[in-house]
Amino acid sequence: MDRAEEYNAIAERIVAHHRNDTTDQAEGIMEVPVISYSDPRRWAREVELIFKQLPVMVALTCEMPKPGDYKAFEMVGIPLLIARGKDGKPRAFINACRHRGAPIAVHGLGHANRFVCPYHGWTFRNDGSLFAVSEPHKFGQIDKDDFGLTELSCDERAGMIFAILKPGIDMDLDDWLGGMTEDVAPHGFENWHFLIAKEMTGANWKIAFDGYLEGYHFSTLHKETILKVTLNNLMEFHAFGPHMRVAYGTTNIAVMDDAGRDDLHKFEEQGFTFVRTLFPNISMYLGLGLGQIAQIIPGPTPDKNRTILYYVHPRPPKDAEEEASLLATAQFLYDVTYGEDYVLGERIQKSLNAQPFENVVFGRNERGNQYFHRWVDYYINGNPNERPPEL
């Protein structure tokens, strides 16, 4: 099935759901233990077995598109350096000098062919190799080939850079992403313009991610914002391994009423829209306008998360006026996400910390949430004989 035919079928299901007041559903209702949102031992297993041992997105291609560009930031307590070498290939390292562990790159985005440790002046190339030791005649003889930066498995697909945060684990990114690569690639996301990134803090990482997986809450929590453009509780789900593409009906869905089935794919962003999620912590909206990519990072304690919202545009703004307009839209989206979803999420965390009941409940309509939680359990249970979850 080609892309147009696939999207025709999706739009057809969205229109049918709208006419029949239905939505995609799971087989039954699912319960998740309340304690899973606060238990330190479970949280530690999620960080170790999911965030440190599975591929996670560490940068957008458009953040660091040129040789010599780099990004330094921290994820689950690990200082990371992502650097694009002269060969154009991105590489990921622990941001720590091999001498005494000082970070060699300052937090944020930058451009450098070499990194100089601020402690003793050891110098590293952006491919991770050790270039020079300061005053080597006094330090003593070492083999520089043995003292490069600690490298992590790293690869790039469809405008995103991924790494495995624990050294020594190989990564097959094509196998990990599956059909999600082909679904995102037509957007040409690697050529988009990086506008700005904004950070916020919130509740347990799963409480935060739960909000990106369903539209059941639009008519109550987002009645003055998202509900004006996206229909409440009308969703169609498709899985690529643990990753998902969630289709939503938009408020102008009636424009598809008189269209032939073969033309329904043309109404993306006019009658239906998509949010894509990459397990375990990425939510992507790439629409036809400003894109928002949410990266949810656990910690520093089980009841907290740090979320980075990246705002991107298909092309650079044509002038200062358009840039100001895009930045204003980014601020609006940030305010909605934080002021509506994340503030409520922190209140939910306080309630669940009190353990007022044994389980939270996900309805049949919250199919994406159910799928996500089954995958979390799958990875932290570590049973090689268990079959992967199916949507």
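The following exercises, with worked solutions, concern a predicted model of one protein chain.

**Exercise 1. Overall form**

Determine whether the radius of gyration of the protein chain agrees with that of a compact globule, and describe the chain's extent and contacts.

Solution.
- Step 1. For 391 residues, a compact globule would have a radius of gyration near 21 Å, and the protein chain has 22 Å, so the two agree.
- Step 2. The C-alpha trace spans about 80 × 50 × 40 Å along its principal axes.
- Step 3. The secondary structure of the chain consists of 9 helices and 20 strands.
- Step 4. Of the 391 residues, 52% count as buried. The accessible surface comes to about 17800 Å², and carbon and sulfur atoms contribute 50% of it.
- Step 5. Among contacts with a separation of 6 or more, 64% are between residues 24 or more positions apart.

**Exercise 2. Helix H1**

Compare the span of helix H1 with the expected value, and identify what its buried residues pack against.

Solution.
- Step 1. Helix H1 covers residues 3-20, which is 18 residues. At 1.5 Å a residue these should span 26 Å, and because the end C-alpha atoms are 26 Å apart, the helix agrees with expectation.
- Step 2. The buried residues in H1 are Tyr7, Asn8, Ala9, Ile10, Ala11, Ile14, Val15 and His17.
- Step 3. These buried residues pack against helix H5 (180-184) and against strands S14 (230-240), S15 (243-250) and S16.
- Step 4. Just after H1, Asp21 adopts a positive phi of about 55°.

**Exercise 3. The faces of helix H2**

Establish how the buried residues of helix H2 are arranged about its axis, and state what covers them.

Solution.
- Step 1. Helix H2 runs over residues 40-51 and has 12 residues. From first C-alpha to last it reaches 15 Å, close to the 16 Å expected.
- Step 2. Its buried residues are Arg42, Trp43, Glu46, Val47, Ile50 and Phe51. Viewed down the axis of H2, these residues fall within an arc of 140°, and therefore they line one face of the helix.
- Step 3. The general rule is that an α-helix has 3.6 residues a turn, so residues three or four places apart point the same way.
- Step 4. The face turned away from the buried side carries the exposed residues Pro40 and Arg41.
- Step 5. The cover over the buried residues of H2 includes strands S2 (56-60), S3 (69-75) and S18 (291-298), together with helices H6 (205-210) and H9 (367-381).

**Exercise 4. Two buried residues**

Classify Asn365 and Phe93 as buried or exposed, and describe the surroundings of each.

Solution.
- Step 1. Asn365 is placed in the loop between strand S20 (359-362) and H9. Its relative accessibility is 10%; because buried means under 20%, Asn365 counts as buried.
- Step 2. Beyond neighbours within four places in sequence, Asn365 is in contact with Thr23, Asp24, Gln25, Tyr216, Asn233, Met235 and Phe237. With Asn233 there is a polar contact between the two side chains, at 3.0 Å.
- Step 3. Phe93 belongs to strand S5 (residues 90-94). At 1% relative accessibility, Phe93 is also counted as buried.
- Step 4. Leaving out residues up to four places away in sequence, Phe93 touches residues including Pro79, Leu80, Leu81, Asn126, Leu149 and Leu152.
- Step 5. Phe93 and Lys318 are separated by 225 residues in sequence and by 36 Å in space, C-alpha to C-alpha.

**Exercise 5. Backbone features in loops**

Locate the cis peptide bonds at Pro280 and Pro300, and examine the positive phi values of Val76 and Glu135.

Solution.
- Step 1. Phe279 and Pro280 are joined by a cis peptide bond with omega about 10°. Pro280 is in the loop between strand S16 (272-278) and strand S17 (282-285).
- Step 2. Gly299 and Pro300 are likewise joined by a cis peptide bond, with omega about 15°. Pro300 occupies the loop between S18 and strand S19 (305-313).
- Step 3. Val76, although not a glycine, has a positive phi of about 40°. This residue is in the loop between S3 and strand S4 (78-84), and Val76 is buried at a relative accessible area of 14%.
- Step 4. Glu135, also a residue other than glycine, has a positive phi near 50°. Glu135 is in the loop between strand S9 (130-132) and helix H3 (136-139). With a relative accessible area of 46%, Glu135 is partly exposed.

Methods
Residues are numbered from 1 along each chain as its sequence is written. This is a predicted model: local features need pLDDT of at least 70, side-chain atom pairs count only at pLDDT 80 or more; totals for chains, interfaces and linings use all residues. Side-chain values use heavy atoms; hydrogens and water are left out. Helices (H or I, at least four residues) and strands (E, at least two) are DSSP runs, numbered from the N terminus. The expected span of a helix is 1.5 Å times one less than its number of residues. Buried means under 20% relative accessible area, exposed over 50%, partly exposed in between (1.4 Å probe, protein chains only). The arc is that of the directions from the helix axis to the C-beta atoms. Contact means heavy atoms within 4.5 Å. A polar contact is a pair of N or O atoms within 3.5 Å; within protein, one must be able to donate a hydrogen and the other to accept it, and residues adjacent in sequence count only if both atoms are side-chain atoms. The radius of gyration is taken over C-alpha atoms; the globule rule is 2.2 Å times the number of residues to the power 0.38. Accessible areas come from the Shrake-Rupley method with a 1.4 Å probe; for residues, only the protein chains shown count as cover.
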